[in-house]
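Please open the model in your viewer and keep the sequence panel beside it, since this tour moves from the whole chain to a single place on its surface.

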Amino acid sequence: MKWKFSSDAPIYTQLVQQIQTSIVSGALPPGERLPSVRDLATEAGVNPNTMQRAMTELERDGLVHSQRTAGRFVTEDKTRIDEAKRRCASQQIQSFLEKMEQLGYSRCEILLLVEQHMKGEC
Amino acid sequence: MPVLECTGLGKKYGRVNALEGLDLSIEPGRIVGLLGPNGSGKTTLIKLACGLLTPSAGQIRVCGQAPGPKACAQLSYLPERMAVQSWMTAGQLLDFYQDFYADFRRDAAQQMLADLGLDPKKKIQQMSKGSREKVQLILVMSRAAKLYLLDEPIGGVDPATRDYILSTIIGNYNPEAAVLISTHLIADVEKILDEAVFLKEGRVLLHSEVDALREEKGMSVDELFREVFRC
């Protein structure tokens, strides 16, 4: 996994987002066993407690679950993954809309621009 | 029990107050950044914890012990400057540390020398400044101590080695031990920190969890530092 961090948000929320992206995109497939917190922390170059916190968050969202001795796994519940995917999409759209509105476009104009862009006319 | 505890700690050099009324407590399992401008008291605090300096006021405890042999057996100290004999080879230094410290993990030290491509047969005086610093850091991190005091551990090394050193600190993480890192390279270390301590003129200006700070201020610790200590 490639890790990138911006300076304006807590590290753990960025970890949650990046792991979530890997899960919804299928880079981490359902049922996949995750490396240990320490290995993940070393790989991402972050504090192990921060990685642990991200894992706890992902467990709460039901995207990963831990089995006492076997380790931690990506959920096999496809509907949960789809829900998370939908949430990610909706966040992306929201931030896109905000940026377009900052540029002064109305919602109708944005829709038109997107359609034109998709047809390759823009 | 805190691994490091300071209460009303003060240190005077002649009439100059290097530290004054400093209260600080560091719990096991935490990686803590000791951050502050030049002359804010970072090195003084670390030297007091090692027993290399004696306090002018207040108390300092390492694992409940006053500075002395018992406290020193629990802490591993990386000084700002080279403190090993330069006529020795890296391998001889490993022997030396193994004799001195019961908690020295020779396997780990040898592995790290190999990882960094350092020749155990080479004398310290034949090495570059960066390599000397790497050897010294390896010696310090190879101990199974309760408190690691690292005074500017990444200042003199290239960015790739910096990453290796930081990942070594993460890889050595022990929930019963704490790491205190003094540095000016905040952007490089902040991802591995649990907590940040800002020192200003010998006092604790701020002591907080790094993610809480980022959440609250909407900026990195590095950016916050630049704002707080703007000249």
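The stops below begin with the overall outline and end at one side chain and its surroundings.

Start by selecting the whole of chain A, bearing in mind that this is a predicted model. Displayed as a C-alpha trace and turned along its principal axes, chain A fills a box of roughly 55 × 30 × 25 Å. The radius of gyration of chain A is 18 Å, whereas a compact globule of 122 residues would have one near 14 Å.

Next, switch to a cartoon and colour by secondary structure, where chain A shows 5 helices and 3 strands. If you follow the chain from the N terminus, its elements appear in the order α-β-α-α-β-β-α-α. Of the contacts in chain A that join residues at least 6 apart in sequence, 48% link residues at least 24 apart.

Now add a surface to chain A, which exposes about 7,800 Å², with carbon and sulfur atoms supplying 51% of that area. Colouring by accessibility will then pick out the buried residues, which make up 33% of the 122 residues in chain A.

For the last stop, select helix α4 of chain A, residues 78–102, and find F96(A) within it. Is this side chain buried, partly exposed or exposed? F96(A) counts as partly exposed because its relative accessibility is 36%, a value that lies between the 20% and 50% cut-offs. Keep F96(A) selected and add V114(A) and M118(A), since these three residues make a nonpolar surface patch of about 300 Å².

Notes. Residues are numbered from 1 along each chain as its sequence is written. Chains are lettered from A and ligands numbered from 1 in the order in which they are written. This is a predicted model: local features need pLDDT of at least 70, side-chain atom pairs count only at pLDDT 80 or more; totals for chains, interfaces and linings use all residues. Side-chain values use heavy atoms; hydrogens and water are left out. Patches are made of residues with over 30% relative accessible area and no salt bridge: like charges are joined within 9 Å, nonpolar side chains (Val, Leu, Ile, Met, Phe, Trp, Tyr) within 5 Å. Accessible areas come from the Shrake-Rupley method with a 1.4 Å probe; for residues, only the protein chains shown count as cover. A salt bridge is a side-chain nitrogen of Lys or Arg within 4 Å of a carboxyl oxygen of Asp or Glu. Helices (H or I, at least four residues) and strands (E, at least two) are DSSP runs, numbered from the N terminus. Buried means under 20% relative accessible area, exposed over 50%, partly exposed in between (1.4 Å probe, protein chains only). The radius of gyration is taken over C-alpha atoms; the globule rule is 2.2 Å times the number of residues to the power 0.38. Contact means heavy atoms within 4.5 Å.
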